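Work through these exercises with the structure open beside you. Try each task before reading its solution.

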Amino acid sequence: MAVAAATRIAVVVVAALAALAPGARGLRRDDFPVGFLFGAATSAYQIEGAYLDDNKGLNNWDVFTHTQAGRISDRRNGDVADDHYHRYTEDVEILHNLGVNSYRFSISWARILPRGRFGGVNSAGIAFYNRLIDALLQKGIQPFVTLNHFDIPQELEIRYGGWLGAGIREEFGYYSDVCFKAFGDRVRFWTTFNEPNLITKFQFMLGAYPPNRCSPPFGCCNSGDSRREPYTAAHNILLSHAAAVHNYKTNYQAKQGGSIGIVVAMKWYEPLTNSTEDVRAARRALAFEVDWFLDPIFFGEYPREMREILSSNLPKFTPEEKKLLQNKVDFIGINQYTAIYAKDCIYSPCALNTYEGNALVYTTGVRNGAKIGKPTAFSTYFVVPESIESAVMYVNGRYKDTTIYITENGYSQHSDTNMEDLINDVERVNYLQGYLKYLSSAVRKGANVGGYFMWSLIDNFEWVFGYTIKFGLYHVDFDTQERIPKMSAKWYRDFLTGSNVTDDTQVRSRRADS
Ligand code: NOJ
């Protein structure tokens, strides 16, 4: 981008920040506990690029985006993405300028083990993450590392059908051990899986993510069983998680001093009406979303609602597996973006071919013609700041004060928005301050929250939406790879460095003012 244009944008951003209403009660960093982690998040496939560099193996997303480009909104892929693999020093600098004390990123399994256990460890891959971790630590930024954020080596996709085959458990055990050994001396925060509760549905129920398996009424894939396979895959993920946690706790934790957890996606479900049926539907949707993974980890059993509805489609844990699972986690990560209305489908008929269909729940963002919150670029994500407080209080209560990290929270824009509005992202600033305000309220009510990560540090490859949706605090010009701070990046930095910011008065756009 031309320097003149960048300067013009900077002027617009400064002017818009100046429009923040003075004197309003401020949300402050010290509304959160000492030692609280404030960070930004990314994932390997979404930002790294360098998909063939330095002996990296192909992963399932490399292959999927190349062979089935038509399933991606803009037919693009992560071959280059943000070219973070080559630009990580610049990205660490950006993090440093933001003033965050932690950075959540994931490791590309195929960069470390190009063919899983069927080949060797790629020393160049190890070296890359060593450089990244060291660069972060030099700036006082704690690495918060995800072992699996959707991508797996293609070799394992072929051999095991991805998470569907029990053989992949051993693979994850080996991979996680390689990572603990290589990086654990410096990594204090590990998460085994990112959103396994979402990915298993997108892979095996809706058939949208590789290996694209599903059955009617959820979709028409070449093969699959939407009523059974998501639960088989989830079972394998849970047991992989449990074995990795057990290994970490037995062989590494004492000498390395880190902690380990898992990250789940968590919508907040509001009953569509105050009928008992809808109230139960909202509860049931949550059980099929969050308790599905956390109950086995904490109580050794899938939730009652799931056992009742899914019966033999839901696998069972053996007594040994229950014991292994109850090895517990040190923390729970939740990716929290939105709330949605839940309507019962047991007593009244409705379409069941959706994300919550297996729970016999229908969801909608609209009640009596009114949306639950302002819409975002994601059609099912609305701005509902109080949902973060409800979600945190629920998890805090059910899982007995285990430390919670908000591992993702963020606002999406359409990429075809004009440049000035992309950068002058007033809506994202309002989103951020709204959600942080309700998070601080949960903290005041006694919830054990350890940190908050914005999704995302930089605009990136948004899975099947390609580059058409932008979540970044930094705009990325994908032709030049220039990173440009949006208004939200400046807001976050000011918040983190202790400048006062408004929360009662929403930021008005400069355009609206002029
Ligand atoms: C969930 C996922 O973890 C991340 O990969 C994705 O880009 C964001 N949330 C936004 O959809």
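**Exercise 1. The small sheet**

Task: In β10, which residue is the bridge partner of Tyr 269?

Solution.
- In β10, Tyr 269 has Ile 340 as its bridge partner. Helices (H or I, at least four residues) and strands (E, at least two) are DSSP runs, numbered from the N terminus.
- Now take the whole pair: β8 and β10 run parallel, over 4 bridges. Two strands pair if DSSP finds at least two bridges between them.
- Next, place the pair in its sheet. An open sheet of 3 strands has the order β8-β10-β11, with mixed pairing.
- Its edge strands are β8 (268-271) and β11, and each pairs on one side only.
- The twist from one strand to the next averages 45°. Such angles run from 0 to 180 degrees between N-to-C directions, and axes are lines fitted to C-alpha atoms, for helices over the stretch in contact.

Before going on, note the ground rules. The model is predicted: local features need pLDDT of at least 70, side-chain atom pairs count only at pLDDT 80 or more, and totals for chains, interfaces and linings use all residues. Residues are numbered from 1 along each chain as its sequence is written, and side-chain values use heavy atoms, with hydrogens and water left out.

**Exercise 2. The barrel**

Task: In what order do the 8 strands close into a barrel?

Solution.
- The order is β2-β3-β5-β6-β7-β9-β16-β18, and the pairing is parallel.
- Here the twist averages 25° from one strand to the next.
- Pick one pair: β6 (residues 189-194) and β7 (residues 259-265) are parallel over 4 bridges.
- Within that pair, Asn 194 stands opposite Val 263 of β7.
- Then add a helix. Helix α9 (residues 196-204) packs on the sheet and touches β6 and β7. Its direction makes about 45° with that of β7.
- Helix α14 (residues 386-398) lies across β9 (331-335), β16 and β18 (449-455). It runs at about 145° to β16.

**Exercise 3. One residue of β16**

Task: Leaving aside neighbours within four places in sequence, which residues is Thr 403 in contact with?

Solution.
- Locate Thr 403 in strand β16 (residues 403-408).
- List its contacts (heavy atoms within 4.5 Å): Asp 330, Phe 331, Ile 332, Asn 448 and Gly 450.
- Compare sequence with space: Thr 403 and Gly 333 are 70 residues apart along the chain, and their C-alpha atoms are separated by 8.6 Å.
- Check the accessibility. Thr 403 is partly exposed because its relative accessibility is 21%. Buried means under 20% relative accessible area, exposed over 50%, partly exposed in between (1.4 Å probe, protein chains only).

**Exercise 4. Two helices crossing**

Task: At what angle do α6 and α8 pack?

Solution.
- Helix α6 (residues 123-138) and helix α8 (residues 168-183) pack at about 50°, and their axes are 11 Å apart.
- So α6 is oblique to α8. Angles under 35 degrees count as roughly parallel, over 145 as roughly antiparallel, 65 to 115 as roughly perpendicular and the rest as oblique.
- From α6, the contact uses Ile 126, Tyr 129, Asn 130 and Ile 133. From α8 come Val 178, Ala 182 and Phe 183.
- Sort the residues of this contact: 6 are nonpolar, 1 is polar and none is charged. Ala, Val, Leu, Ile, Met, Phe, Trp, Tyr, Cys and Pro count as nonpolar, Asp, Glu, Lys and Arg as charged, and the others, Gly among them, as polar.

**Exercise 5. Backbone exceptions**

Task: Where do Arg 75 and Leu 360 lie?

Solution.
- Start from the usual case: most residues other than glycine have a negative phi, and most peptide bonds are trans.
- Arg 75 has a positive phi, near 60°. It is found in the loop between α3 (60-67) and α4 (84-98). Its relative accessible area is 56%, so Arg 75 is exposed.
- Leu 360 also has a positive phi, about 60°. It lies in the loop between β10 (339-344) and β11 (361-364). At 25% relative accessibility, Leu 360 is partly exposed.
- Now the peptide bonds. The one from Pro 210 to Pro 211 is cis, with omega near 10°. Pro 211 sits in the loop between α9 and α10 (229-256).
- Trp 455 and Ser 456 are also joined by a cis peptide bond, with omega about 10°.
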